[in-house]
Amino acid sequence: MTTTASNTTAPTQFLQGRHETYAYRRFGGGPARPLLFLQHFTGTLDNWDPAVTDPLASAREVILFDSAGVGRSSGKVPTTVAGMASHALDFLDGLGLDSCDVLGFSLGGMVAQQMAGDRPSIFRRMILVGTAPRGGEDIMHLEKPSLARPLGDPTLRGYAVLQKIFFAPTSSSQAAGGAFIERLAQRTEDPDTASGPDVAAAQMAAFREWEQSTGVRFAELKGIHQPTLVVNGIHDEMVPISNSYRLSENLPNAVLLAYPDSGHGSLFQFHESFARHAAAFLASDSPFAAY
């Protein structure tokens, strides 16, 4: 365990798993169960907002993780969510963790669902943000004009693209996006390796496979009994909030938190509220109430 309690200063560490060598950061501390963070499309360790990670690290260890082929982790990016879940379980096994809590954002939320299905004992509680169930709808269709325009704008570089696609087009949401980018820039040493086109292509293939329902639609969710907090912004263009409705409808023990005036990055726009809700949810001892 490190003494730092911020993603802006936590050192990047490396763990040799059965399959690959995984880059990760582990910081914070306290009596609560560790919280594993699973990242979004093409995101790395550097894409986690310290305004979200750091408050949650005040009562527990926070573990940020690069899956195979992402950042400085070795190997190739799997083209299925199931393949990504296998790597995340390999990583937790390497850490010696047989149970933790999880915060899965976007693609990471899909990986968390797969992990819970593959190994039900691995998570005590789940927070699923801006994500979708298997068989969900309109998952990461970047050809939509609302996403294609900023993604194809040559004047937008690096984090500036995230401000446009993670936040609603209102002035208030865009201002929050600007503050988010400033927070990401606070880490100035030991940067992670940015994702390239090969990472994006493999992860897009995983999204397309995840959209395909196998058997009865949403049946997999019935077997996930962990208390789950489902979170989204009502104007999410990347993974529309209808998918969060499906999650909260079909998970046996879930509650939905929907933020106004926000898009895919609602947890970053309303980081103070989100951190409070997440901490309260994770601190609950009730096995039945999700919140």
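This tour begins with the whole chain and then moves to one pair of helices.

Start with the entire protein chain selected, keeping in mind that what is on the screen is a predicted model. Shown as a cartoon, the chain has a secondary structure of ten helices and eight strands. Its radius of gyration is 17 Å, close to the 19 Å that the globule rule gives for 291 residues, so the chain is as compact as a globular protein of that length. If you switch to the C-alpha trace and turn it along its principal axes, the span comes to about 45 × 45 × 35 Å.

Next, display the surface of the protein chain, whose accessible area comes to about 11300 Å², with 56% of that area belonging to carbon and sulfur atoms. Beneath it, 59% of the 291 residues count as buried. When contacts between residues at least 6 apart in sequence are considered, 74% of them join residues at least 24 apart.

Now select residues 159–166, which form helix H5, together with residues 171–184, which form helix H6. These two helices pack at an angle of about 145 degrees, their axes lying 9 Å apart, and their crossing is right-handed.

Finally, show the side chains where the two helices touch. Which residues of H5 meet H6? On the H5 side they are Tyr159, Ala160, Leu162, Gln163, Lys164 and Phe166, and the residues they meet in H6 are Gln174, Gly177, Gly178, Phe180, Ile181 and Leu184. Coloured by class, this contact of H5 with H6 shows seven nonpolar, four polar and one charged residues.

Conventions: Residues are numbered from 1 along each chain as its sequence is written. This is a predicted model: local features need pLDDT of at least 70, side-chain atom pairs count only at pLDDT 80 or more; totals for chains, interfaces and linings use all residues. Side-chain values use heavy atoms; hydrogens and water are left out. Axes are lines fitted to C-alpha atoms, for helices over the stretch in contact, and angles run from 0 to 180 degrees between N-to-C directions. Helices (H or I, at least four residues) and strands (E, at least two) are DSSP runs, numbered from the N terminus. A crossing is left-handed if the near helix is turned anticlockwise from the far one by less than a right angle, and right-handed if clockwise. Contact means heavy atoms within 4.5 Å. Ala, Val, Leu, Ile, Met, Phe, Trp, Tyr, Cys and Pro count as nonpolar, Asp, Glu, Lys and Arg as charged, and the others, Gly among them, as polar. The radius of gyration is taken over C-alpha atoms; the globule rule is 2.2 Å times the number of residues to the power 0.38. Buried means under 20% relative accessible area, exposed over 50%, partly exposed in between (1.4 Å probe, protein chains only). Accessible areas come from the Shrake-Rupley method with a 1.4 Å probe; for residues, only the protein chains shown count as cover.
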